[in-house]
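Work through the following exercises with the sequence and the model side by side. Try each task before reading the solution below it.

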Amino acid sequence: MKMEEFKIMKSLLSRELGWSWPLFLTGCWIRKRAIFRNTHWANLKTTESEFAKRLSISVAIYINLINKTGREKALEIIKSILVPVGVNEQLNILNSLEPSDNNGMERLLAFYDFMGKGGVGQFVKRKIVQKDSQTLHYEVRDCLFARFYGETATPELTKLFCEVDREFFPKAFPDFKFHRGSSFENTVAYGKDYCVFVFERMNA
């Protein structure tokens, strides 16, 4: 776990649980191992399995919070952890890239290409529907988050990564309007066949 992620987690858990947060988090780390061992990724030695292992801590925290606070409050707390952690991680990735041209579309495409090679995009199926100087529209199928959280019986956590997109993309690419077509719920997390990503350049 990166220090930045730990600080966010510590801040939220200490506020909600008080002095007992270190004991709580220790219990989560123990439970994380058991959660991961019960997935099919535990038997694999791949980049995807390493990514899935990272997600196990979120399931452990969520389940342990349910036992302490109830499901509704637990979901609220884990959302307050996962969304800023996810946004910060993607912003750090974006800031590390050096597109040949720093205009909006070049930057957006550089991020798209990187995520397909070194980010979560390598673990899903992506299809570009439209790509030109004004618009990037693509679909994501076989979502890793949906597969992992489905296998760990916490499918509701998948929706939190839709929230990461909702916060990250407007911050990262202010020249574009990010949407999912007719509804923000056009994602696998909400029962659709694929996730819709549409970026439309806004008029100056």
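## Exercise 1: The sheet

Histidine 137 has valine 198 of β4 standing opposite it. Starting from this pair in the predicted model, determine in which order the four strands of the open sheet are arranged.

Solution. Begin with strand β2, residues 135-141, and strand β4, residues 195-201, which run antiparallel and are joined by six bridges. Next, look at the pairing of β2 with β1, which is also in the antiparallel sense and extends over six bridges. Two residue pairs show this pairing in detail: lysine 125 has arginine 141 of β2 as its bridge partner, and arginine 126 has valine 140 of β2. Between β1 and β2, which together form a hairpin, there are three residues. Putting the strands together gives the order β1-β2-β4-β3, in an open sheet with antiparallel pairing. Because β1 (125-131) and β3 (176-179) each have a single partner strand, they stand at the edges, and one side of each is left without a neighbour in the sheet. On average, and with direction ignored, neighbouring strands of this sheet are turned by 15 degrees against each other.

How many of the seven residues of β2 are buried? Taking buried to mean under 20% relative accessible area, six of the seven are, and β2 is therefore described as mostly covered.

## Exercise 2: The nonpolar core

Find out which helix gives the most residues to the largest nonpolar core, and then follow the contacts of isoleucine 61.

Solution. In soluble globular proteins, nonpolar side chains tend to be buried together. Here the largest nonpolar core has 64 residues, and those that touch the most other members are Leu13, Ile61, Phe111, Tyr149, Phe169, Phe173 and Phe199. The helix that gives the most to this core is α4 (residues 71-96), with ten residues. For isoleucine 61, leave aside the neighbours within four places in sequence; the residues in contact with isoleucine 61 are then Met9, Phe24, Leu25, Cys28 and Ile78.

## Exercise 3: The cavity

Identify which elements give two or more residues to the lining of the largest cavity.

Solution. First, a search of the whole structure for cavities of 30 Å³ or more finds one. The volume of the largest cavity is about 60 Å³. Next, list the residues that line the largest cavity, which are Lys2, Glu4, Glu5, Ile8, Val85, Asn88, Glu89 and Asn92. The elements that give two or more residues to this lining are α1 (3-17) and α4. Of these, α4 provides the largest share of the lining, with four residues.

## Exercise 4: Two positive phi values

For aspartate 142 and alanine 153, state where each is found, and decide how each is classed by accessibility: buried, partly exposed or exposed?

Solution. Most residues other than glycine have a negative phi. Aspartate 142, however, has a positive phi near 60 degrees, and alanine 153 has a positive phi of about 60 degrees although it is not a glycine. Aspartate 142 is found in the loop between β2 and α6 (144-151), while alanine 153 is found in the loop between α6 and α7 (158-172). For the last step, recall that exposed means over 50% relative accessible area and buried under 20%, with partly exposed in between. The relative accessible area of aspartate 142 is 35%, so this residue is partly exposed. Alanine 153 has a relative accessibility of 63% and therefore counts as exposed.

Conventions: Residues are numbered from 1 along each chain as its sequence is written. This is a predicted model: local features need pLDDT of at least 70, side-chain atom pairs count only at pLDDT 80 or more; totals for chains, interfaces and linings use all residues. Side-chain values use heavy atoms; hydrogens and water are left out. Two strands pair if DSSP finds at least two bridges between them. Axes are lines fitted to C-alpha atoms, for helices over the stretch in contact, and angles run from 0 to 180 degrees between N-to-C directions. A nonpolar core is a set of buried Ala, Val, Leu, Ile, Met, Phe, Trp, Tyr and Cys residues joined through side-chain atoms within 4.5 Å. Buried means under 20% relative accessible area, exposed over 50%, partly exposed in between (1.4 Å probe, protein chains only). Contact means heavy atoms within 4.5 Å. On a 1 Å grid over the protein atoms alone, a cavity is a set of points where a 1.4 Å probe fits but cannot get out, and a pocket is an open set with protein on both sides within 12 Å along at least five of seven lines; lining residues have an atom within 4 Å of a point. Grid points are joined across faces, edges and corners, and a volume is the space filled by probe spheres set on the points.
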